[in-house]
Amino acid sequence: MSTLVESPALSVLADQHTGPRYRLVHPILPGFRILLTLLIGILLCGTPWTAILVVGWTFRLMRVRILEGWRRQPTSAGAIPRHAGNNPPDEPAPPGRLPRWLLSERFRDTLVRKAPDASPPTRLRVLCRLPGALTESLRDNLRWGVMASLCTLILTYPACVLWLGSWYDGWNNSFAKGYENALVGLQAGLFAHLLFVGAMLYVPMAWAHLAASGQFRAFFQFRLIARLVWSKGWAVAGFAAVFSLATIPVMVLRSAPFAFVLANPDAWARAEPAEVLRVIQRYQLAAGIYLFPTYVLLHLLTARLYRAALVKTLTEHPELSGSLPDSLRTLLSESRPTPGAHPRHPVLQKVRWGAQSTSNLFGVLAAAILWFTVIAQIYVGQFLNYIPWAGWLNQPLIHIPCLQVIPKTLG
């Protein structure tokens with residue numbers, strides 16, 4: 001049986017990149033890919049079941065950007081070696097390119113990969129590889145999405161469930177006049193606030209560490225990730241401020257349906273349930289125009305923050321490299337702390353350490369206050385338009401990037 005690589009048709013496909021038509025189209029392709037990626041991401045944000053693919057795709061993109069950032073580091077003592085991250089086996093996408101939604105990242109290479117005996121693949125072998133190559137990125141997006149979502153839920157859901165219970169208990173006390181139990185909902189809510197703030201001081205950096213390592217357990221390396229957060233106190237506060245600002249439109253989007261009803265109550269009262277459901281589904285789908293790019297940009301921001309924090313932390317505390325997952329330890333095996341040209345006097349070292357620790361402490365405290373503003377927006381949104389379950393259990397920029405404003409009676 002003749003092999004695929006000997007096929008004249010394959011030779012034509014291999015040579016088509018050199019033709020004049022391809023040279024004319026090539027400058028347009030990157031912009032077209034970006035627009036297509038953006039459109040697919042917006043559509044996938046329409047339902048929580050498809051939005052899980054957006055989570056996975058975003059974490060794969062974070063990994064690409066982290067590896068590329070390390071690759072661009074100058075080769076010097078204390079810096080990440082330039083070869084670090086050069087096409088590791090599990091790299092989600094080739095450098096400089098967005099991850100794909102469906103096809104394998106190296107579709108053609110996967111099909112024409114040589115057999116174990118180094119012989120060219122037969123047509124039958126290529127056909128057997130075709131289903132996997134057509135869906136490899138889809139499976140990767142799903143795998144990463146489930147893993148990242150589960151990690152996030154483990155640390156954030158204690159607070160979310162307590163919010164749900166405290167709100168429910170608060171309303172019961174309001175209508176049943178159970179004044180002797182009035183503090184139960186309040187105390188549960190306050191404890192939930194503290195849990196949420198503590199989780200969100202940790203979770204964004206853990207997102208990036210998970211993306212860089214690709215290992216579930218890396219998300220729960222509390223000592224290492226806490227050190228990374230501490231080393232970038234004011235940068236962590238800056239991220240919390242950006243996140244709080246990005247949450248304002250989410251609060252508006254979730255509250256807007258209530259305003260629509262108030263604007264024309266008669267029309268909505270006369271509308272059929274199927275028509276109302278159709279309008280809300282379209283509105284939820286349109287919300288992806290904001291949710292998808294915002295979700296991706298926030299995660300890329302924390303990936304950039306993590307990239308710098310890890311370099312700084314390993315430079316100052318090289319012993320922490322032993323706690324890195326094997327994949328990261330391999331990539332960063334040649335990193336070394338930068339030796340000081342003139343060692344500082346011990347007194348100056350202590351003064352510098354004290355000043356830096358104080359600055360980091362105030363930065364983390366500022367970040368905690370800013371995360372409280374996110375809680376306030378969640379509560380305000382629930383007051384304006386109460387969403388029974390998803391309003392507490394899914395924060396679109398933290399969990400699943402889907403608005404979920406469909407009432408239970410219509411869903």
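This report describes the cavities, salt bridges and nonpolar surface patch of a predicted model.

**Internal cavities**

A search of the whole structure finds 3 cavities of 30 Å³ or more. The largest cavity has a volume of about 160 Å³. Its lining comprises 15 residues, and T247, V250, R254, I378 and Q395 are the ones that lie nearest the centre of this cavity. Two elements, α9 (233–263) and α14 (346–384), each give two or more residues to the lining of the largest cavity. In terms of residue class, that lining has 8 nonpolar, 6 polar and 1 charged residues.

The second largest cavity holds about 70 Å³ of space. Residues M200, L201, Y202, P204, M205, V229, V236, F239, A240, T302, L305 and W371 form the lining of the second largest cavity. The elements that supply two or more of these lining residues are α7 (182–213), α9 and α12 (288–316). Helix α7 gives the most, with 5 residues. By class, the lining of the second largest cavity has 11 nonpolar residues, 1 polar residue and no charged residues. For the largest cavity, by comparison, the corresponding counts are 8 nonpolar, 6 polar and 1 charged. Helix α9 is named among the contributors to the lining of the largest cavity, and α9 is also named for the second largest cavity.

**Salt bridges**

Side chains of opposite charge can pair when their charged atoms come close. The structure holds 3 salt bridges, which are set out below with the separation of the closest N and O atoms.

| Salt bridge | Closest N and O atoms |
|---|---|
| E105 and R60 | 2.7 Å |
| R65 and E68 | 3.3 Å |
| R143 and D140 | 3.8 Å |

In the pair formed by E105 and R60, the closest N and O atoms are 2.7 Å apart. E105 lies in the loop between α4 (48–71) and α5 (107–112), whereas R60 lies in helix α4, so this pair ties together parts that are 45 residues apart in sequence. E105 counts as buried because its relative accessibility is 8%, under the 20% cut-off. R60 likewise counts as buried, at 1% relative accessibility.

The other two bridges each lie within one helix. R65 and E68 are both in helix α4, 3 residues apart, which is about one turn of the helix. Within this pair, R65 counts as partly exposed at 26% relative accessibility, while E68 counts as buried at 9%. R143 and D140 both lie in helix α6 (residues 123–176), and they are also 3 residues apart, about one turn of the helix. R143 counts as partly exposed, with a relative accessibility of 46%.

**Nonpolar surface patch**

On the surface, I28, F32, L36, L39, L43 and L285 form a nonpolar patch, and together they have about 570 Å² of accessible area. Helix α3 (residues 29–44) gives the most to this patch, with 4 residues. One member of the patch, L43, is found in helix α3. L43 is partly exposed because its relative accessible area of 47% falls between the limits of 20% for buried and 50% for exposed residues. The same value also passes the cut-off of over 30% relative accessible area that applies to patch residues.

Terms used:
Residues numbered from 1 in each chain as written. Predicted model: local features only at pLDDT ≥ 70, side-chain atom pairs only at ≥ 80, totals over all residues. Heavy atoms only, no water. Patch = residues over 30% accessible without salt bridge, like charges linked within 9 Å, V, L, I, M, F, W, Y side chains within 5 Å. Areas by Shrake-Rupley, 256 points an atom, 1.4 Å probe, with all protein chains shown as cover. Salt bridge = Lys/Arg side-chain N within 4 Å of Asp/Glu carboxyl O. Buried < 20%, exposed > 50% of the residue type's maximum accessible area, 1.4 Å probe, protein only. 1 Å grid on protein atoms, 1.4 Å probe; cavity = no way out; pocket = protein on both sides within 12 Å on 5 of 7 lines; lining within 4 Å. Points joined across faces, edges and corners; volume = space filled by probe spheres on them. Nonpolar A, V, L, I, M, F, W, Y, C, P; charged D, E, K, R; others polar.
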